[in-house]
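Here is a short briefing to read with the model open beside you. Take the topics in any order you like.

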Amino acid sequence: MTLTNNISTTNTISGSTQKVTGKYRYTQSIDNTGWLWVKIEPDTVNSVKKLLCDFTKVLLLKEEAGRTFFTILEGVYAKKNASMSTKNAKKCLVSIKRSSGAIITVTKSGRQLLVSVPRNNDRHNQLVSTLKFNGDSATITLDSEVDYIESNRNSPNNGKLMHSSPLPKGRYRILSPSYPKNSKMTSFYRTNPGGFPNLKYDTVWFPIEYPGNYNSSFVHVGHLSEGCVTIYQLNKWNAIYEYLISNRSDKEGKYVGTLIIN
């Protein structure tokens, strides 16, 4: 069998091997979600489509019949082959450079009773803090003192009623996002009174590696924190997202960077 990609062609000599090289590219969503649909190959009657976060590394293989084929090199679908229309591939599989690891630092200020207008004037006792990132800063909350049902399937507390608590002081690694969160959890911050109409990428939550809660905490946008690093200042989220997603701190692309809580 002969395999052709955009660089070279395999030979047809039985039993022989030939190295076929390709070009590396990085995914870029076609909209403001931060997620890109791709079709997992080989194609079947029921085509399987999956979402990749921005800046996922892929290896281009070939173009054929109006589709571009590639190997996913990172994330939950690493080593799987996938494809998309060549028209979209020209816009969404791009040649860009990632930085070598984001660093964000958090300094706690103290508890404040705050009213969230976008959350229909909800009142919560927020652990207000300041997050510094890429030469900028944002107001965040580390905890909203709320009860919640644990939904992390990896936690022995899954399904149990819990009371929120902040992450302890320390240094944590921030993981690359794997799946989009339900848009119902955040989309109203864009549409409700008191929200931020230009909010983007709100379904992209970055997991924080912490064995103490089985990685149940995230860096994400919002006014309700169940122990997450929650970006309360809505108009800073887009910039924080862009800083984190454009970084990878390891060769496997598993981590985007480091969180330091003082």
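Asp122 belongs to strand E9 of this predicted model. With a relative accessible area of 29%, Asp122 is partly exposed, because that value falls between the 20% limit for buried and the 50% limit for exposed. Which residues does Asp122 touch, leaving aside its neighbours within four places in sequence? The contacts are Leu114, Val115 and Ser116. His223 is 101 residues away from Asp122 along the chain, with 9.2 Å between the two C-alpha atoms.

**The strands on either side of E9**

- E8 and E9 run antiparallel and are joined by 12 bridges; in this pairing, Gln112 stands opposite Gln126 in E9.
- The hairpin of E8 and E9 has 5 residues between the strands, and Asn120 in the turn shows a positive phi of about 55°.
- E9 also pairs with E10, again in the antiparallel sense, over 6 bridges, and here Val128 faces Thr141 in E10.
- Only 2 residues lie between the strands in the hairpin of E9 and E10, where Asn134 has a positive phi near 45°.

**The barrel**

- In what order do the 8 strands close into a barrel? Going round, they follow E8-E9-E10-E16-E15-E14-E13-E17, with mixed pairing.
- On average, neighbouring strands of this sheet are turned by 35° against each other, direction ignored.
- Strand E13 (residues 170–175) and strand E17 (residues 255–261) run antiparallel and are joined by 6 bridges.
- Within E13 and E17, look for Tyr172, which stands opposite Leu259 in E17.

**Helix H3 across the strands**

- H3 lies across E8, E9, E10, E13, E14, E15, E16 and E17, and runs at about 155° to E8.
- How many of the 9 residues of H3 are buried? The count is 7, so the helix is mostly covered.
- The buried residues of H3 are Trp237, Asn238, Ile240, Tyr241, Tyr243, Leu244 and Ile245.

**Nonpolar cores**

- The largest nonpolar core holds 37 residues, and Phe206, Trp237 and Leu259 have the most contacts inside it.
- Helix H3 (residues 237–245) gives the most to this core, contributing 6 residues.
- Leu259 touches Ile104, Val106, Leu167, Gly170, Arg171, Tyr172, Ile174, Ile208 and Val229, leaving out residues up to four places away in sequence.
- Another core lies apart from the largest one; it has 14 residues, including Val38, Val58, Leu60 and Ala82.

**Aromatic rings**

- A search of the whole structure turns up 8 aromatic pairs.
- Why is the pair of Phe188 and Tyr189 called tilted? The ring centres are 4.4 Å apart and the planes stand at 35°, an angle that is neither under the 30 degrees for stacked nor over the 60 degrees for edge-to-face, so tilted is the class that remains.
- Both partners are buried: Phe188 has a relative accessible area of 18%, and Tyr189 has 1%.
- Trp205 and Phe218 make an edge-to-face pair, with 5.7 Å from centre to centre and 70° between the planes.
- That pair links distant parts of the chain, 13 residues apart: Trp205 is in the loop between helix H2 (188–191) and strand E14 (206–209), while Phe218 is in strand E15 (residues 218–221).
- Trp205 is buried at 8% relative accessibility, and Phe218 is buried at 14%, because both values are under the 20% limit.
- One aromatic cluster is formed by Tyr201, Phe206, Trp237 and Tyr241. Two members of this cluster, Phe206 and Trp237, are also named among the residues with the most contacts inside the largest nonpolar core.

**Charges over rings**

- Where does the charged end of Lys57 sit? You will find it over the ring of Tyr24, 4.3 Å from the ring centre.
- The charged end of Lys62 sits over the ring of Phe69, at 5.2 Å from the ring centre.

Technical notes. Residues numbered from 1 in each chain as written. Predicted model: local features only at pLDDT ≥ 70, side-chain atom pairs only at ≥ 80, totals over all residues. Heavy atoms only, no water. Phe/Tyr/Trp six-rings, centres within 6.5 Å; stacked < 30°, edge-to-face > 60°. Buried < 20%, exposed > 50% of the residue type's maximum accessible area, 1.4 Å probe, protein only. Helix = DSSP H or I, 4+ residues; strand = E, 2+ residues; numbered from the N terminus. Lys NZ or Arg CZ within 6 Å of the ring centre and 35° of its normal. Core = buried A, V, L, I, M, F, W, Y, C linked by side-chain atoms within 4.5 Å. Contact = heavy atoms within 4.5 Å. Pairing = 2+ DSSP bridges. Axes fitted to C-alpha atoms, helices over the stretch in contact; angles between N-to-C directions.
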